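This report walks through side-chain contacts in one protein model. Charged pairs come first, then rings, then burial and the surface.

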Amino acid sequence: MVSVTKIMTLMTIFPALVTIIIGYLLIKFPVSVSVPTDRGMHKKIVSSSGGIALLAGLGVMSFLLKFEVVNFILLVLIGILGFLDDKYSLSKFVRFAAQIAVSIIVVNEFIYPAIIGDTVGLIYILILVFMSTYTINIYNFMDGIDQLAISQAIFFIFSFSMVNGFNDGALSLLFILVAFFLINYPKTKLFLGNCGSYFLGLLIIIIMLTVIRDQGFMSSVPLLILMTTFYVDATYTLIIRFIKKIQIKESTVIKSIKYITEAHRTHLYQKLAFRRNSHLKTVFIIMTYNIIWCLPLYYLSFNYIDYSLFFLFLSYLPYAYYCYRNNAGTEL
């Protein structure tokens, strides 16, 4: 007779196997492809929309382990948006409007609706909607070299679970992410695409909002530490690009905002990959910073929540300086 433990193990691992199967099908029969551009970091046409494989694994996980249906639906919605963006290159207006709409839904779902009627509560909601939309976008910005976005997601989920507990859902989710990593190691065969990067950005936001709902806003600060390399790289780069554009004589604020949303190769991670001529070496450098510096600060912040903002500062400052030293935001 099969034991309950063996059944649970199979239920935990099976979604990852589905991700691998769907992933290889997407490689063999692409539903969208990524074509190299002058602003990109790749030189070959590669199958894209790999987020479909992640969604397939998550769908099986939701069925087997009773993952919250609302969460799954929201992740499917953002995944569909990303796929349409991969396939048809949606306009910036449509893309941002849809992301904001999903962010409003997810924030309303997780943050007690009663505070919406209060002025302070409304400001709080708007901040969280901005944070959600921003995270989805920066995850997309940071998905520009092989394995970086999926490695960051693995680091985030593993670190969060290490402190909060490895339940079956967390383990299954980690196996799904690792499965996608292995599909593309050592040579990338399937990009996450916007479908995958939007999915991962929203997944991280759902975890953050769950913590905020259950434990209060300050309890989410340790999670911001886990996202140091993404938040700092993206934010620093956007600010520098905006400043450099606004300094041009005939430029305006509107033109500068449009400028920072255009494709470029000025993020820190892009500069590191270009200089070292290696995506994997760059990912190794970033993950090393995560593990050696951010992870201990996350643990300290989690256990000494009153000092969490100080630990957040300690996490962000060195990486901001690293961006500065490598001229992030400045054209190569």
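Which kind of contact do the side chains of aspartate 214 and arginine 213 form? They meet in a salt bridge, with 3.0 Å from N to O. The model is a predicted one, and every value here is computed from it.

## Salt bridges

Searching the whole structure turns up three salt bridges. The table sets them out.

| Acid | Base | N to O distance |
|---|---|---|
| Aspartate 85 | Arginine 95 | 3.7 Å |
| Aspartate 214 | Arginine 213 | 3.0 Å |
| Glutamate 331 | Arginine 241 | 3.2 Å |

Take the bridge between aspartate 85 and arginine 95. Aspartate 85 sits in helix α3 and arginine 95 in helix α4, so the bridge ties together parts ten residues apart in sequence. Both aspartate 85 and arginine 95 are buried.

The aspartate 214 and arginine 213 bridge has another setting. Aspartate 214 has 52% relative accessibility, so it counts as exposed; the cut-off is over 50%. Arginine 213, at 38%, is partly exposed.

Now the bridge from glutamate 331 to arginine 241. This pair links distant parts of the chain, 90 residues apart. Glutamate 331 lies in the segment after α14, while arginine 241 belongs to helix α10 (residues 228-246). Is arginine 241 buried or exposed? Its relative accessible area is 2%, so arginine 241 is buried. Glutamate 331 is partly exposed, at 35% relative accessibility.

Glutamate 331 also gives a distance across the model. Its C-alpha atom is separated by 47 Å from that of lysine 66, a residue 265 places away along the chain. Lysine 66 is found in the loop between α2 (51-65) and α3 (69-88). At 75% relative accessibility, lysine 66 is exposed.

## Arginines over rings

Two of the bridging arginines also lie over aromatic rings. Arginine 95 is placed over the face of phenylalanine 96, at 5.7 Å from the ring centre. Arginine 241 lies over the face of tyrosine 259, at 4.3 Å from the ring centre. Arginine 241 thus combines a ring contact with the salt bridge to glutamate 331.

## Aromatic pairs

How many aromatic pairs are there? The count comes to ten. One of them joins phenylalanine 181 and tyrosine 185. This pair is stacked, with 5.7 Å centre to centre and 15 degrees between the planes. Tyrosine 185 is partly exposed, at 45% relative accessibility.

Tyrosine 319 and tyrosine 322 pair in another geometry. Their ring centres are 6.0 Å apart and the planes stand at 65 degrees. Why does this pair count as edge-to-face? The label applies because planes over 60 degrees apart count as edge-to-face, and these stand at 65 degrees.

Both tyrosines belong to helix α14, three residues apart, so about one helical turn separates tyrosine 319 from tyrosine 322. An α-helix has 3.6 residues a turn, so residues three or four places apart point the same way. Burial of the two is computed separately. Tyrosine 319 is buried at 2% relative accessibility. Tyrosine 322, at 26%, is partly exposed. Ring pairs link Tyr289, Tyr319 and Tyr322 into a cluster.

## Buried positions

Serine 103 is placed in helix α4 (residues 92-110). Its relative accessible area is 0%, and serine 103 is therefore buried. What does its side chain contact? The side chain of serine 103 makes a polar contact with the side chain of threonine 133, at 3.0 Å.

Helix α12 covers residues 268-276. Its buried residues are Leu268, Tyr269, Gln270, Lys271, Leu272 and Ala273. Just after α12, asparagine 277 adopts a positive phi of about 50 degrees.

## Surface patch

Which residues form the nonpolar patch on the surface? They are Tyr299, Leu300, Tyr304, Tyr307 and Phe310. Together they have about 570 Å² of accessible area. Tyrosine 304 lies in the loop between α13 (279-303) and α14 (308-325). With a relative accessible area of 48%, tyrosine 304 is partly exposed. Why can tyrosine 304 belong to a patch when it is partly exposed? Patch residues need over 30% relative accessible area, and tyrosine 304 has 48%, so it passes that cut-off.

Key
Residues numbered from 1 in each chain as written. Predicted model: local features only at pLDDT ≥ 70, side-chain atom pairs only at ≥ 80, totals over all residues. Heavy atoms only, no water. Patch = residues over 30% accessible without salt bridge, like charges linked within 9 Å, V, L, I, M, F, W, Y side chains within 5 Å. Areas by Shrake-Rupley, 256 points an atom, 1.4 Å probe, with all protein chains shown as cover. Salt bridge = Lys/Arg side-chain N within 4 Å of Asp/Glu carboxyl O. Helix = DSSP H or I, 4+ residues; strand = E, 2+ residues; numbered from the N terminus. Buried < 20%, exposed > 50% of the residue type's maximum accessible area, 1.4 Å probe, protein only. Phe/Tyr/Trp six-rings, centres within 6.5 Å; stacked < 30°, edge-to-face > 60°. Lys NZ or Arg CZ within 6 Å of the ring centre and 35° of its normal. Polar contact = N/O pair within 3.5 Å; in protein donor to acceptor, adjacent residues only side chain to side chain.
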